[in-house]
Amino acid sequence: MALLGSAVRRLVSAVRPPFSPLCRTSARAYSSEHTKEKSVPYEMTLKQGDGATSGPTKPLPRSADVVVIGGGSLGCQTVYHLAKMGITNVVLLERDRLTAGTTWHTAGLLWQLRPSDVEVELLAHTRNVISKDLEEETGLHTGWIQNGGLFIASNKQRLDEYKRLMSLGKVYGIESHVLSPAETKDLYPLMNVDDLYGTLYVPKDGTMDPAGTCTTLSRAATARGATVIENCPVTGIQVRTDDLGIKKVKAVETTHGTIETPCVVNCAGVWATKLGEMAGVKVPLIAMHHAYVVTERIEGIQNMPNVRDHDASVYLRLQGDALSVGGYEHNPVFWDEVSDKFAFSLFDLDWDVFMQHIEGAINRVPVLEQTGIKSTVCGPESFTADHKPLMGEAPEVRGFFLGCGFNSAGMMLGGGCGRELAHWIIHGRPEKDMYGYDIRRFHNSLTDNKSWIRERSHESYAKNYSVVFPFDEPLASRNMRKDPFHEVLTAQGCVFQERHGWERPGWFNKDGPAPVKDYDYYGAYDIKKNINYKYKDLLGEEYTFDFPPHHDVIKSECLSCRHGVAVFDMSYFGKFYLTGPDAKKAADWLFTADVNKKPGSTVYTCMLNKRGGTEADLTVSRLESGAANLPLAPESDGDVYYLAIGGGVAEHNWNHIRTSLQDQGFHCQLTDHSEDMGMISIQGPKSREVLQEVLDTDLSNEAFPFSTHKVVNAAGHQVRAMRLSFVGELGWELHIPKDSCLPVYHAVMAAGAKHGIINSGYRAIDSLSIEKGYRHWHADLRPDDTPLEAGLAFTCKLKSSIPFQGRDKLVKQKEEGLRRRIVCFTIDEKVPMFGLEAVFRNGVPVGHLRRSDYGFFIDKTIGYGYIRNPDGGVVSADFIKSGEFTLERMGVTYKAKAHLKSPFDPENKRVKGIYG
């Protein structure tokens, strides 16, 4: 019998052979025999002999409304929720037996608290389904065990992170307690607490059984009319092209027949990429070995909570009178040659890789050093570039949905994601804000880039247990998309952020350049680690929940804009043209605001989904028709619209517009010129003086009013100038053909030198915009927020009779009153907030901050959050004015002032050029 302690000592003295990250797994082998029962820590599995060769367990129907492929956690949850929502002509196809592939060997842990309000809600639904709903519906026990969860903090930063989770949990009624080392020892007597800073205990966390859960889900779904067919491998996906050139799912092919269907759901786990290829769909995930070991019996471990020791990158899962020990290492093994015959098999455990987890486990629970290893479990799991799942309708083929890439979290996220995916399929969009999981969060140029997928997935895996800090940035696969200003801004100390593959300015370091280097895999696989890496060092300095060390630099950028003039490189913006015979009809339908003003106008507007939720905010400029002047204007003999969209969500916007046009049958062209133009925004009281020297047009209020645009000459180059502001100041955006970007930029900087012009980045924009009360999509404006709730009723043409998508929902909401609405809060104490802080009204939790930053002009921390009436009533202005509000930050409450208008320039004088 192997002992954990001896395994560590053996491995420490061993000579380790070098490996290349690209070929490491070529010599690895997996067991071709089905693993023995004792190798997995569950009482039951769904393995039943050599089922894969015995033919389908049921006859295949000729057609189905939906075909779900893959009988793991997500497939079973999706079928269950589809059936529960009334879609009973649904078929689940599993090539082997339910749970085969990845689900059967998962650890099955469920933690209720995550640094995301949406994920907290998803996890809560999973917990309800497996602990209550299924048993009530079927009379069967899913195997759920509520033994609690314990998060270990070995330093102040880690405990601060847990306190943030605790505060958010109060909004959702999730019980949690911060414990001292002594209290932790009382709860878990076998634990070493000598090096602890504290812990977070969540009593109602627990453990799921994959086989029991999937069996019960399958029975509940079939009882409602769904069909579950095992031993039926899929061999192809038929795709048809309709009269408008739109690709749509037609049928699913198997070795035992074909099922006609308009909708396929890819829940195939590590095999999802191959399934996507059958339909011409890119599925950006990668397979890796993921392992844990199961110990022999440990006296005194019974009824202990599951443990996550993030700083040691290890988890300890209770398994009866034993523990399962696993984690996330910095050098995971890639599975490059994914085998179609791999069902209930396991890999041989690479002890050299796994050793780091054992060391951490023994430190935390010392009795493990003398405990035997009963079995090892090393199976395949799928991982993605940002450690988030891949969900939603694929951009390439209508009717092809993704429910894969769950990064070992498919069991605990399965219930919530299964419900959202079912809603997505039935209604076209999910109920919750699922953008963080939506396949459209990735730009199309990245989703088939193997180097990007591999590097980013590695980094996300290796950092899975790292503290989630507000201003962190990836180091993997950087410099994928660079605008024309990149080199000159790098030389001036620009510290870049990564969004959608783009490098965009974050802030400007006064100590010289800090370029991003090629990814070094954190020194894994014998790759030489980057040294003297200034960019990484600057990121590391910001790993804090206090004000970052560069707080004063960002203050300087903000106040230079407020008092003088600053230039912002916003080239990463999406830049689309909407043209064609139905362009006006499409614009009326797509945009909440009336964008059909005279040519030369620019309008801020939203785009909605059918439920009235905000899918995007953007500016739409009406152009004159005429000959092409690309990239500044397309050729058109009719209506022309120029769309400028936040670059981090451009792919989402592109696909929302495209699918809306398809659904309505509009004859339009949508063209993307994002890469063909740069964009700089010159903002501040002195912006007019600077630009009047550069542009050959009158910039007075009368000649160039706010929300207008025109093509002008700038230092001898044609640009489109727009008088707009995202920071609440007098200013103009210059949309510049790529080859003209640098000459125009240098001319602006030269003209601005005597006015003290400076470069500023998006960290300053974040502060300036929240100070002004402008929204950031996917922060304080999301698909689950209506414009009325978000304080953007002014963007909606409700006084007109023009129909637009989601209008009926807004009309109804306006009549009934708002049950939730956004509120601005400020506090007097000089403490930072970052979002997720709990909001209390008269001592009762009513919501949480979605977004927060420091406002340097008003010299206060500002936060925006949506609040509800605890009684379920309307959230009126009087409800807000009459309440006493507090914000809870990491367990500490602060008195807050609620504002119905922005505390900065509430009369909007500054954007009109009225100062003093």
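In the predicted model, R95 lies over the face of W271, at 4.4 Å from the ring centre. A second arrangement of this kind involves R562, whose charged end sits over the ring of F904 at 3.9 Å from its centre.

Aromatic rings also pair with one another, and the structure holds 33 aromatic pairs. One of these joins F151 and Y162, with 5.3 Å from centre to centre and 55° between the planes, and is classed as tilted. The pair links distant parts of the chain: F151 belongs to strand β4 (residues 149-153) and Y162 to helix α4 (residues 156-171), eleven residues apart. Both partners are enclosed. The relative accessible area of F151 is 3%, so F151 is buried, and Y162 counts as buried because its relative accessibility is 1%. Ring pairs further link F334, Y519, Y521, Y522 and Y525 into a cluster.

Y525, a member of that cluster, is placed in the loop between β21 (502-508) and α12 (534-541). Its backbone has a positive phi, near 60°, in a residue other than glycine. The relative accessible area of Y525 is 6%, and the residue is therefore buried. Positive phi also occurs at M890, where the value is near 50° and the residue is again not glycine. M890 is located in the loop between β37 (885-889) and β38 (892-899). With a relative accessibility of 11%, M890 counts as buried. A further backbone feature is the peptide bond from L630 to P631, which is cis, with omega near 5°. P631 lies in the loop between β25 (614-623) and β26 (640-645). For context, most residues other than glycine have a negative phi, and most peptide bonds are trans.

Among the helices, α10 (residues 450-462) comprises 13 residues and reaches 18 Å from its first C-alpha to its last, close to the 18 Å expected at 1.5 Å a residue. At the start of α10, a side-chain oxygen of N449 comes to within 3.2 Å of the backbone nitrogen of S451. The helix is mostly covered, with ten of its 13 residues buried. The buried residues are W452, I453, R454, E455, R456, S457, H458, E459, S460 and Y461. An α-helix has 3.6 residues a turn, so residues three or four places apart point the same way. The cover over the buried residues of α10 includes β13 (285-295), β16 (322-327), β17 (373-384) and β20 (494-499).

Two further helical positions were examined. G75 is part of helix α2 (residues 73-84), and its relative accessible area of 0% means that G75 is buried. Leaving aside residues up to four places away in sequence, G75 touches V68, G70, L92 and C267. The C-alpha atoms of G75 and G414 are separated by 8.7 Å, although the two residues are 339 residues apart along the chain. N653 lies in helix α15 (residues 650-664) and is buried, with a relative accessible area of 1%. With residues up to four places away in sequence not counted, the contacts of N653 are F576, M607, E615, A616 and I645. Of these, E615 and A616 fall within the residue range of β25 (614-623), the strand that precedes the loop containing P631.

Terms used. Residues are numbered from 1 along each chain as its sequence is written. This is a predicted model: local features need pLDDT of at least 70, side-chain atom pairs count only at pLDDT 80 or more; totals for chains, interfaces and linings use all residues. Side-chain values use heavy atoms; hydrogens and water are left out. Rings of Phe, Tyr and Trp (its six-membered ring) pair if their centres lie within 6.5 Å; planes under 30 degrees apart count as stacked, over 60 as edge-to-face and the rest as tilted. Helices (H or I, at least four residues) and strands (E, at least two) are DSSP runs, numbered from the N terminus. Buried means under 20% relative accessible area, exposed over 50%, partly exposed in between (1.4 Å probe, protein chains only). A charge sits over a ring if NZ of Lys or CZ of Arg is within 6 Å of the ring centre and within 35 degrees of the ring normal. The expected span of a helix is 1.5 Å times one less than its number of residues. Contact means heavy atoms within 4.5 Å. A polar contact is a pair of N or O atoms within 3.5 Å; within protein, one must be able to donate a hydrogen and the other to accept it, and residues adjacent in sequence count only if both atoms are side-chain atoms.
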